[in-house]
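Please look through the structure below with its sequence beside it. The paragraphs that follow lead from one helix to the sheets and then out to the loops.

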Amino acid sequence: MQLSIISGGTCGSNPSTHAGRPRLTTSFGIIRGTDGIIIDNGSGVQNVVRHLQKEKVERVLMLQSHLHADHTDGLPQNSYLFQNKVPVMGIWVPKCEGADFRTVWEQRFTPHIWPVRPETFGIAMPAQYTLGSDLSNVGFLPLGITTLRLNHPGGSVAYRIPHERGDIVIATDHEPTGETNAAYASFVGGAQLLIADLQYRDSEYNGEVGIGDGPAMKRVGWGHATPKLLAEALSGCQPLPKEVWITHHDPNRTAGDLDDFESEVYTFFDGLGINVTAFAGDGEVNEI
Ligand SMILES: [Zn+2]
């Protein structure tokens, strides 16, 4: 069964304005046989949709990690929402603090934000399946997909998508802690591929230095990882994921700073025997 992954956008927080580096916000696509799975609707979703259309997937399933703007700002660019030739089977979304997906849908498609909406063309919002805060209703999830609640302000979830060539885990927004590490390690352990958050250097997280020309400030509690935090979270895995792709790079990094950070990440994880690939380009496609 075919298995390819498209990284539509891997920039965290908001689209970056720095030239020469990936700039679009979070969206990933997986082609699993004839199914297309879209994970998140950041501005990178336009790359994901283009690729799934080129590969002529026969149906689309949408998973949403959470509702922050950098994971939903591309909804109007998701052209699968404006057609009914290729069925969109549903969107699976966690209940997040203070909002559900319907609220975000109404915000993104209100006329002062975007001029037209799917309903303008007689197309309804896809069926929505809400994952409760205790994830008790995960029976709604298709294809044997499982989920884990992550540590992120407002709430976020990781998805584990099974495949005969090995499972894929997407955990885009997570700040590892001593309380969450055991459950995280058991959820991601043994995966073929883990896509994991790595927004900050440890020195940036601890407030010793700023990012780019920004001021130094503590970023504890902002919901994102550092090399040290991610290594601690992975240390309990039995076994480790075979590959780890790092995502959610900070938009304030210049191209040069992002290159430097990537080199530091490779050196750090090489020493721990963890197979890491850093920060895919916008629209990059990889076969597994
Ligand atoms: Zn977020």
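On one side of helix H6, Gly256, Ser263, Thr267 and Asp270 are exposed, while on the other side Phe261, Val265 and Phe269 are buried. A residue is called buried if 20 or more other C-beta atoms lie within 10 Å of its own, exposed if 12 or fewer do, and partly exposed in between, with the C-beta atoms placed from the backbone. Seen down the axis of H6, the buried residues fall within an arc of 55 degrees, so they line one face of the helix; the arc is that of the directions from the helix axis to the C-beta atoms. An α-helix has 3.6 residues a turn, so residues three or four places apart point the same way.

The model is a predicted one, in which local features need pLDDT of at least 70 and side-chain atom pairs count only at pLDDT 80 or more, whereas totals for chains, interfaces and linings use all residues. Residues are numbered from 1 along each chain as its sequence is written. Helices (H or I, at least four residues) and strands (E, at least two) are DSSP runs, numbered from the N terminus.

Helix H6 covers residues 255-270, and at 1.5 Å a residue its 16 residues should span 22 Å, which agrees with the 22 Å between its end C-alpha atoms; the expected span is 1.5 Å times one less than the number of residues. The buried residues of H6 pack against H5, S11 and S12, where a contact means that two C-beta atoms, placed from the backbone, lie within 7 Å.

Two of those elements, S11 and S12, belong to an open sheet of six strands with mixed pairing, in the order S7-S8-S9-S10-S11-S12. Strands count as paired if DSSP finds at least two bridges between them. Strand S7 (146-150) and S12 stand at the edges with a single partner strand each, so one side of each is left without a neighbour in the sheet. Neighbouring strands of this sheet are turned by 20 degrees against each other on average, direction ignored. H6 packs on the sheet, where it touches S11 and S12, and its direction makes about 175 degrees with that of S12; such angles run from 0 to 180 degrees between N-to-C directions, and the axes are lines fitted to C-alpha atoms, for helices over the stretch in contact.

Within this sheet, S11 and S12 pair in the parallel sense over three bridges, and Val244 has Val276 in S12 as its bridge partner. At the S7 edge the pairing is antiparallel, with five bridges joining S7 to strand S8 (residues 156-161), and Arg149 has Val157 in S8 as its bridge partner. S7 and S8 form a hairpin with five residues between them, and Gly154 in the turn has a positive phi of about 90 degrees.

A second open sheet has seven strands, again with mixed pairing, in the order S6-S5-S4-S3-S2-S1-S13. Its edge strands are S6 and S13, each of which pairs on one side only, and the twist averages 15 degrees from one strand to the next. Strand S1 (residues 3-9) and strand S2 (residues 27-32) pair in the antiparallel sense over six bridges, with Ser7 opposite Phe28 in S2.

The largest nonpolar core has 65 residues, of which Val169, Ile170, Ala171, Leu194, Ile195, Ala196 and Ile246 touch the most other members. Such a core is a set of buried Ala, Val, Leu, Ile, Met, Phe, Trp, Tyr and Cys residues joined through C-beta atoms within 7 Å. Leaving aside neighbours within four places in sequence, Ala171 is in contact with several residues, among them Leu150, Ala158 and Val188.

The loops hold some further details. Phe279, in the loop between strand S12 (276-278) and strand S13 (284-287), has a phi near 45 degrees, a positive value in a residue other than glycine, and counts as buried because it has 22 C-beta neighbours inside 10 Å. Lys56 lies in the loop between helix H1 (45-54) and strand S4 (59-63) and has a positive phi near 55 degrees, but Lys56 counts as exposed, with 10 C-beta neighbours inside 10 Å. In the loop between helix H5 (227-234) and strand S11 (243-247) is Pro239, which a cis peptide bond with omega of about -10 degrees joins to Gln238.
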